[in-house]
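Subject: Handover of a structure and its findings

Dear colleague,

Please find the structure below, handed over for your study. My findings follow it, and I would ask you to read them with the structure open beside you.

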Amino acid sequence: MAISDFDPPERFVAGTVGPPGGRTFFLQARGGGRLVSVSIEKVQVSILADRISDLLDTMGGLAGAASVAEHLTDTDALETPIEDEFRVDTVSLAWDEQRSTIVIECHDSDPEETPPSDTVRVVLDPTTARAFAKRCQAIVQAGRPPCPFCGQPLDPEGHICPRSNGYKR
């Protein structure tokens with residue numbers, strides 16, 4: 001079992017590679033002379049951002065406030081080379097009450113069913129966690145625009161909309 005522990009990381013970001021509609025999502029952590037990238041599903045990134053925001057709203061106090069994290073906005077691209085260590089199956093999120101930090105663990109399998117063979121563990125202070133969540137939300141929303149009729153993503157070459165009885169829009 002390989003555990004990559006970043007407590008705290010020098011940088012922890014979510015990012016994408018590829019055009020909208022064909023993007024691959026990654027989480028990338030750097031620290032201690034190491035760079036670890038793992039691939040993750042778009043929906044996992046979205047849920048992670050929402051849960052971090054919810055956790056900070058209840059536990060983060062002033063340090064986790066959205067206004068405090070404004071100066072930490074990281075808009076830089078993912079670092080290269082981008083070679084994923086593994087594909088994330090399960091994401092765990094916890095609040096360390098003694099240290100007032102958020103702990104994020106990414107596993108290549110469900111740790112409740114079988115012991116994972118690979119894990120990335122990242123510990124973030126509330127301000128950094130809020131900035132990370134904002135970046136996650138921004139990259140999820142940067143994809144294809146939604147169809148105004150059905151809400152599904154629009155493809156550049158058209159979209160078969162179920163609300164228009166199967167006609168291409």
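Leaving aside its neighbours within four places in sequence, Glu-105 touches Thr-90, Val-91, Ser-92, Thr-119, Val-120 and Arg-121. Please keep in mind that this is a predicted model. Glu-105 belongs to strand β7, and its relative accessibility of 23% makes it partly exposed. Its distance from Ile-3 is 9.7 Å in space, C-alpha to C-alpha, although the two are 102 residues apart in sequence.

The sheet that contains β7

In what order do the four strands of this open sheet lie? The order is β1-β8-β7-β6, and the pairing is mixed. Strands β1 and β6 form the edges, each pairing on one side only. From one strand to the next, the twist averages 15 degrees.

As general background, the strands of a sheet pair through backbone hydrogen bonds, either parallel or antiparallel. Here, strand β1 (residues 2-6) runs parallel to β8, and five bridges join them. Strand β7 (residues 101-107) runs antiparallel to β8, with six bridges between the two.

Val-122 is a useful residue to locate in β8. Phe-6 has Val-122 as its bridge partner, and Ile-104 also stands opposite Val-122. Elsewhere in β8, Val-120 stands opposite Ser-4.

Why can β8 be called largely enclosed by the rest of the structure? Strand β8 covers residues 118-124, and five of its seven residues are buried, so the description follows from that count. For this reasoning, a residue counts as buried when its relative accessible area is under 20%.

The helix α1

Helix α1 has 18 residues, from 42 to 59. At 1.5 Å a residue, α1 should span 26 Å, and its end C-alpha atoms are indeed 26 Å apart. The buried residues of α1 are Gln-44, Val-45, Leu-48, Ala-49, Ile-52, Ser-53, Leu-55 and Leu-56. Seen down the axis of α1, these buried residues fall within an arc of 165 degrees, so they line one face of the helix. On the other side of α1, Val-43, Asp-57 and Thr-58 are exposed.

What do the buried residues of α1 pack against? Their partners are β2 (11-17), β3 (24-31), β4, β6 (90-96), β7 and α2 (126-141). With respect to the sheet described above, α1 lies across β6 and β7 and runs at about 10 degrees to β6. Helix α2 packs on that sheet as well, touching β6, β7 and β8, and its direction makes about 115 degrees with that of β8. Just after α1, Gly-61 takes a positive phi of about 65 degrees.

The second sheet

Another open sheet of four strands has the order β2-β3-β4-β5, again with mixed pairing. Its edge strands are β2 and β5 (84-87), each of which pairs on one side only. Direction ignored, neighbouring strands of this sheet are turned by 25 degrees against each other on average. Strands β2 and β3 run antiparallel and are joined by seven bridges. One of the residues to look for is Thr-16, whose bridge partner in β3 is Phe-25. Helix α2 packs on this sheet too, touching β2 and β3, and its direction makes about 0 degrees with that of β2.

Is Ser-39 buried or exposed? Ser-39, which has its place in strand β4 (residues 34-40), has a relative accessible area of 3% and is therefore buried. Leaving aside its neighbours within four places in sequence, Ser-39 is in contact with Thr-24, Phe-25, Phe-26, Asp-84, Phe-86, Arg-87 and Val-88.

The aromatic pair

The structure holds one aromatic pair. Phe-12 and Phe-132 form it, and their rings are stacked, 4.5 Å centre to centre with 20 degrees between the planes. Since Phe-12 lies in strand β2 and Phe-132 in helix α2, the pair ties together parts that are 120 residues apart in sequence. Phe-12 is buried, with a relative accessible area of 9%. Phe-132 also counts as buried, at 3% relative accessibility.

Yours sincerely,

A colleague

Notes
Residues numbered from 1 in each chain as written. Predicted model: local features only at pLDDT ≥ 70, side-chain atom pairs only at ≥ 80, totals over all residues. Heavy atoms only, no water. Buried < 20%, exposed > 50% of the residue type's maximum accessible area, 1.4 Å probe, protein only. Pairing = 2+ DSSP bridges. Contact = heavy atoms within 4.5 Å. Expected span 1.5 Å × (residues − 1). Arc of directions from axis to C-beta. Axes fitted to C-alpha atoms, helices over the stretch in contact; angles between N-to-C directions. Phe/Tyr/Trp six-rings, centres within 6.5 Å; stacked < 30°, edge-to-face > 60°.
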